[in-house]
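User: Hi! I'm new to reading protein structures. Could you walk me through this one?
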Amino acid sequence: MPSIYLIRHGKASPEAEDYDELSPTGYEQARLLGAELKRRGLPPGPVLTGSLRRQRQTAATALAEAGIDAEPVVDERWNEYGHLELLARDPRAEGSLQERLDAGLRAWMAAGGEGPGSWEGFRGGVLAALEETAAGLGRGGTALVFTSAGVIATVCAALLRAPAHGFLELNRIVVNGSVTKVMHGRGGTRLLSFNDHAHLEQGGTELMTFR
């Protein structure tokens with residue numbers, strides 16, 4: 001059956017002026033990810049990425065390490081939601097970063113509406129991109145998608161038919177450089193594995209990051 005590997009980008013640069021840049025830790029995560037892809041010996045197939053730099057930098061580093069000669073197709077539907085805008089939605093402006101982000105996400109999801117900038121617009125775009133990717137794969141085909149935690153959590157929550165709080169729980173725990181696998185068959189698209197990050201453990205606990 002066709003398989004889609006949803007790969008979270010490496011650690012970005014939350015302490016820097018420009019968040020959307022891989023940190024040294026992020027590059028190391030991407031390198032180890034590439035070594036893992038090489039070890040798995042996946043059949044060649046399409047490679048996709050969002051347009052964010054941290055996603056494209058992760059793809060370039062991992063593909064080079066894996067020896068995969070492919071030019072990723074950029075599709076903005078694989079981009080992350082705007083977390084800075086969501087943080088600004090939390091009127092309390094207090095609590096931990098995760099608490100503030102969760103509050104912003106809940107407000108965003110509860111606001112309703114459709115189209116660009118809305119939760120339903122984001123979710124619909126992600127699921128449409130997933131469906132199109134799956135439909136384009138032949139029997140036994142494999143696609144690599146370099147994306148972000150919110151996208152991966154959206155896909156997994158939808159496939160598990162989880163309520164809104166299920167998305168929030170999944171979103172909190174997606175590790176940078178982790179791999180989530182979904183399979184597509186006659187019965188539809190199914191979640192096979194989530195948040196696999198064993199390939200990072202050789203680097204120690206400092207490679208277990210979530211931002």
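Analyst: Happy to! One definition before we start: two strands pair if DSSP finds at least two bridges between them. Keep in mind, too, that this is a predicted model.

User: Okay, so in β5, what is the bridge partner of I4?
Analyst: That's V182. The strands involved are β1 (residues 3-8) and β5, which pair in the antiparallel sense over five bridges.

User: And how many bridges join β5 to β6?
Analyst: Six, and those two strands also run antiparallel. Strand β6 covers residues 188-196. As an example, G185 has G188 as its bridge partner in β6. A hairpin through two residues connects β5 to β6.

User: Is β5 largely enclosed or open?
Analyst: Five of the seven residues of β5 (residues 179-185) are buried, so the strand is largely enclosed by the rest of the structure.

User: Let's switch to helices. How do α1 and α2 cross?
Analyst: Helix α1 (residues 24-40) and helix α2 (residues 53-66) have axes that come within 7 Å and cross at roughly 45°. The two helices are therefore oblique to each other. The crossing of α1 past α2 is right-handed.

User: Which residues make that contact?
Analyst: From α1 they are Y27, A30, R31, L33, G34, A35, L37 and K38, and from α2 they are Q57, T58, T61, A62, E65 and A66. By type, the contact residues split into seven nonpolar, four polar and three charged.

User: Now H199. Where is it found, and is it buried or exposed?
Analyst: H199 lies in the segment after β6. Its relative accessibility is 5%, so H199 counts as buried, the cut-off being under 20%.

User: What is H199 in contact with?
Analyst: Setting aside neighbours within four places in sequence, H199 is in contact with L32, L33, E36, G177, S178 and V179.

User: Someone mentioned positive phi values. Why would I care about the sign?
Analyst: Most residues other than glycine have a negative phi. Here, R161 has a positive phi, near 55°, and N195 has a positive phi as well, near 65°.

User: Where are those two, and are they buried or exposed?
Analyst: R161 sits in the loop between α6 (149-159) and α7 (164-172). With a relative accessible area of 69%, R161 is exposed. N195 is in strand β6, and with a relative accessible area of 10%, N195 is buried.

Note on methods: Residues numbered from 1 in each chain as written. Predicted model: local features only at pLDDT ≥ 70, side-chain atom pairs only at ≥ 80, totals over all residues. Heavy atoms only, no water. Axes fitted to C-alpha atoms, helices over the stretch in contact; angles between N-to-C directions. Helix = DSSP H or I, 4+ residues; strand = E, 2+ residues; numbered from the N terminus. Parallel < 35°, antiparallel > 145°, perpendicular 65-115°, else oblique. Left-handed = near helix turned anticlockwise from the far one by under 90°. Contact = heavy atoms within 4.5 Å. Nonpolar A, V, L, I, M, F, W, Y, C, P; charged D, E, K, R; others polar. Buried < 20%, exposed > 50% of the residue type's maximum accessible area, 1.4 Å probe, protein only.
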